[in-house]
Amino acid sequence: MLISISTDGRVSQWQIRKGFECADLMKLKRVVTKSRKNKDGREGKSEALISRHASGLCFDFSPKDSNIYLAGTEDGLIHKCSCSYNEQYLDSYHGHTGPVNRIEWSPFLPDVFLSCSNDWSIRLWQNDHLQPVLNFFSSTKSVMDVCWSPTSASVFGCVNEGAIEIWDLDQNTLDPIIVSVPAPGVKLSCLTFAINSDCILVGDSEGQVSVFQLRCMPSVAKDQTEKLSRLIEQTLASQLSKH
């Protein structure tokens, strides 16, 4: 079975039986922003929709429930969807102000996921909260890809158009611990961690895949998952106290 997402708004399931059969799991619909009231109290104009369908750019299935997946859209929204219910979203996550290029669930905390966007940001989310828990900004470039480390709960990597970044939330939540700038004119497009070595693989606009070894990385703490969980709990508690 193969799942695909497209800018025509379709999340499709493909199966090879007697032929190559396709069925839609969901047709992503644009969410209309609520109209704001004018100074005189009257309702203002709501957003005009050129198309009812939202352009899908990325998705990832929940590690806890294979029936649940997240879909990122060109509108900047992330929608939680179910394979068994295609009429409407289960939830919608608001935070990005540009197209969502990548979503990935944490391999260590199954209720936590990362997203990246053309709005220059990476955002960390908790499944039950529709606003981001943590926001990461390090440049004024579109963030094309983000990926969790398979060996450390607090580490993730990302590529924007101008650099490779490695973040360790146990060390610093404001800045990446490693930044590598490519050759002039090369735009980075995707990144993944190697499973059996301390390396990352990075794709670029020249059609090349480069392998980088991660050196001088902090040792992985035994309680890394608990530390990330505490950081998220403390951040959420701080957000609640401000409201």
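A pocket, as the word is used on this tour, is an open set of grid points with protein on both sides within 12 Å along at least five of seven lines. Keep that in mind for one of the stops below. The model on your screen is a predicted one.

**Stop 1: the whole chain**

Start with everything shown as a cartoon. You should find one helix and 18 strands along the chain. The radius of gyration is 19 Å, close to the 18 Å that the globule rule gives for 243 residues, so the chain is as compact as a globular protein of that length. Turn the C-alpha trace along its principal axes and it spans about 60 × 55 × 40 Å. If you colour by accessibility, 41% of the 243 residues count as buried.

**Stop 2: the largest pocket**

Now switch on a surface and select Ser149, Thr151, Asp198, Leu214 and Met217. The space in the largest pocket comes to about 230 Å³, and these five are the closest to its centre among the 16 residues that line the pocket. What classes of residue make up the lining of the largest pocket? Ten of the residues are nonpolar, five are polar and one is charged.

**Stop 3: Cys216**

Next, select Cys216, which sits in the loop between β18 (209–213) and α1 (224–242). Its backbone deserves a look: Cys216 has a positive phi of about 60°, although it is not a glycine. Is this residue buried or exposed? Cys216 is exposed, with a relative accessible area of 84%.

**Stop 4: the cavity**

Hide the surface and turn to the interior space. The structure holds one cavity of 30 Å³ or more, and the largest cavity contains about 40 Å³ of space. To see its walls, select Trp120, Ile122, Phe136, Phe137, Ser138, Ser139, Val143, Cys158, Asn160 and Glu165. Two elements, β11 (134–137) and β13 (155–160), each give two or more residues to this lining. By class, the lining of the cavity divides into six nonpolar, three polar and one charged.

**Stop 5: Trp120, on the cavity wall**

Keep Trp120 from that selection, since it is one of the residues lining the cavity. You will find Trp120 in the loop between β9 (112–117) and β10 (121–126). Its phi is positive, about 80°, although Trp120 is not a glycine. With a relative accessible area of 40%, Trp120 is partly exposed.

**Stop 6: strand β11 and its partners**

Go back to Phe136, another residue of the cavity lining, and add Trp167 to the selection. Their ring centres are 5.2 Å apart and their planes stand at 55°; why is the pair called tilted? Planes under 30 degrees apart count as stacked and those over 60 as edge-to-face, with the rest called tilted, so the angle of 55° makes this pair tilted. The contact links distant parts of the chain, with Phe136 in strand β11 and Trp167 in strand β14 (residues 163–168), 31 residues apart. Phe136 is buried, with a relative accessible area of 2%, and Trp167 is buried too, at 0%.

Beside Phe136 in the sequence, pick Asn135, which also lies in strand β11. Asn135 is partly exposed, with a relative accessible area of 37%. Draw a distance from its C-alpha atom to that of Ser121: the two are separated by 6.8 Å, although the residues are 14 apart along the chain.

**Stop 7: the other aromatic rings**

Show every Phe, Tyr and Trp side chain. How many aromatic pairs does a search of the whole structure find? The search finds eleven. For a group to frame in one view, select Tyr93, Trp105, Phe113 and Trp125, which form one aromatic cluster.

**Stop 8: the cysteines**

Finish by selecting the cysteines. The count of disulfides comes to zero. Why is Cys83 without a bond to Cys81? A disulfide needs its two sulfur atoms within 2.5 Å, and the sulfur of Cys83 is 8.8 Å from the closest cysteine sulfur, that of Cys81, which is too far for a bond. Cys83 is partly exposed, with a relative accessible area of 25%. Then centre on Cys190, which is in no disulfide; the nearest cysteine sulfur belongs to Cys147 and is 10 Å away. Cys190 is also partly exposed, with a relative accessible area of 36%.

Terms used. Residues numbered from 1 in each chain as written. Predicted model: local features only at pLDDT ≥ 70, side-chain atom pairs only at ≥ 80, totals over all residues. Heavy atoms only, no water. 1 Å grid on protein atoms, 1.4 Å probe; cavity = no way out; pocket = protein on both sides within 12 Å on 5 of 7 lines; lining within 4 Å. Points joined across faces, edges and corners; volume = space filled by probe spheres on them. Helix = DSSP H or I, 4+ residues; strand = E, 2+ residues; numbered from the N terminus. Nonpolar A, V, L, I, M, F, W, Y, C, P; charged D, E, K, R; others polar. Buried < 20%, exposed > 50% of the residue type's maximum accessible area, 1.4 Å probe, protein only. Phe/Tyr/Trp six-rings, centres within 6.5 Å; stacked < 30°, edge-to-face > 60°. Rg over C-alpha atoms; globule rule 2.2 N^0.38 Å.
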